[in-house]
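Colleague: Got a minute to go through this chain with me? I'd like to get the fold straight before we talk details.

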Amino acid sequence: MEATSVQLLLAVSSLLCCWTDGAGLKVSPSSSQLFRGDSVSLSCEEDDSSAGWTLRRNTTRGQVSQCGQGGFGEPAGSSCEMYYVLPKDSGVYWCESRQGQTSSSINLTVSGGAVILQSPVLPVMEGDPVTLTCTTRPPASTLPAAFYKDGSLLSTQPAGHMTILHVSSSDEGLYSCDISGHGESPPSWISVTGEELHLSVSLQQVSTFTESL
């Protein structure tokens, strides 16, 4: 998979919102990146159970499916359990109702490498603090790490984590990190939001776009 394709998918999917108050997508553990073999639980937290919310995804390979189909997780009540994630599980995840309404989307990246960047799954509110953590495969160690934004070095931190105290729109972008001797993490797109302002992009548009990558 080319890095350019990943960046384009992350950037476009960050616009995928069409937010409704009916459901919110939650992920545990709350990290946008996972190691190959990790487990993760996703759920549609809904205010109106009659809407019939379903968890769906569009992988970086352009494969659209819902939980329980095509090797995508195991339904468990209102949750979808993924017990052993693989790089092919990387992509955009969202909740969708029977009427076609969608929740905000999240990006999940599964790395087959030795380093990941732990960053917020959901958009960060402008003015809030955000901490980025660069970590190795378990047993994780506290090691110096270099942090990058849009390919440019931001800083090198001796403890492996970096905090932006007051996030602004200029902090939105593609982040990654590097631990010398271990490797570099995949990129993750960090979105910053102010008021409840969202740009609507249809799921069909995003699906068509990813198929062209």
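Colleague: How many helices and how many strands does the chain have?

Modeller: Keep in mind that this is a predicted model. Going by the DSSP runs, the chain has 19 strands, and the helix count is two. So the tally you asked for is two helices and 19 strands.

Colleague: What share of the residues is buried?

Modeller: The chain has 213 residues. Taking under 20% relative accessible area as the cut-off, the buried share comes to 46%.

Colleague: And of the contacts between residues at least 6 apart in sequence, what share joins residues at least 24 apart?

Modeller: Those contacts reach across the sequence in good part. Counting pairs at least 6 apart, the share that joins residues at least 24 apart is 63%.

Colleague: On to the sheets. What is the strand order in the open sheet of five strands?

Modeller: The pairing in that sheet is mixed. β2 (33-35) and β5 have a single partner strand each, so they stand at the edges, with one side left without a neighbour in the sheet. From one strand to the next the twist averages 30°. Reading across, the order is β2-β9-β8-β4-β5.

Colleague: Do β2 and β9 run parallel or antiparallel?

Modeller: Three bridges join β2 to β9. At one position L34 stands opposite V110 in β9. As for direction, the two strands run parallel.

Colleague: There is an open sheet of three strands too. Which are its edge strands?

Modeller: That sheet has the order β10-β12-β15, with antiparallel pairing. Its neighbouring strands are turned by 15° against each other on average, direction ignored. The strands that pair on one side only are β10 (115-118) and β15.

Colleague: Which residue of β12 is the bridge partner of Q118?

Modeller: β10 and β12 run antiparallel and are joined by four bridges. On the other pairing, four bridges join β12 (residues 130-136) to β15, where V130 has I164 as its bridge partner. For Q118, the partner in β12 is T133.

Colleague: Which side chains of β15 point to the buried face?

Modeller: In a regular strand the side chains alternate between the two faces of the sheet. β15 (residues 161-164) follows that alternation, with H161 and T163 pointing to one face and not buried. The side chains on the opposite face are buried, and they are M162 and I164.

Colleague: Now the inside. Which residues touch the most other members of the largest nonpolar core?

Modeller: That core has 19 residues. Two or more of them come from each of β1 (23-28), β3 (40-46), β7 (79-82), β8 (91-96) and β9 (106-111). Apart from it lies another core of 16 residues, including V115, L117, V124 and Y175. In the largest one, the members with the most partners are L42, L55, Y93 and I106.

Colleague: Leaving aside neighbours within four places in sequence, what is Y93 in contact with?

Modeller: Its partners are scattered along the chain, and some are polar or charged residues such as R56, R57, S104 and S105. The others are L25, L42, F72, M82, I106 and L108.

Colleague: How are the bonded cysteines paired, if you number them in sequence order?

Modeller: The sulfur distances give three disulfides. They join C44 to C95, C67 to C80, and C134 to C177. In sequence order the pairing is therefore 1-4, 2-3, 5-6.

Colleague: What is the handedness of the C44 and C95 disulfide?

Modeller: The sulfur atoms are 2.2 Å apart, and both cysteines are buried. C44 lies in β3 and C95 in β8, so the pair ties together parts 51 residues apart in sequence. The torsion about the S-S bond is about -100°, so this disulfide is left-handed.

Colleague: How far apart in sequence are the parts tied together by C67 and C80?

Modeller: This link is right-handed, with 90° about the S-S bond. C67 has a relative accessible area of 13% and C80 one of 1%. C67 lies in the loop between β5 (64-66) and β6 (74-76), and C80 lies in strand β7, so the separation is 13 residues.

Colleague: And which strands hold C134 and C177?

Modeller: Both of these cysteines are buried. Their S-S torsion is about 80°, so the disulfide is right-handed. The parts they tie together are 43 residues apart in sequence, and the strands are β12 for C134 and β16 (residues 173-179) for C177.

Terms used
Residues numbered from 1 in each chain as written. Predicted model: local features only at pLDDT ≥ 70, side-chain atom pairs only at ≥ 80, totals over all residues. Heavy atoms only, no water. Buried < 20%, exposed > 50% of the residue type's maximum accessible area, 1.4 Å probe, protein only. Contact = heavy atoms within 4.5 Å. Pairing = 2+ DSSP bridges. Core = buried A, V, L, I, M, F, W, Y, C linked by side-chain atoms within 4.5 Å. Disulfide = S-S within 2.5 Å. Axes fitted to C-alpha atoms, helices over the stretch in contact; angles between N-to-C directions.
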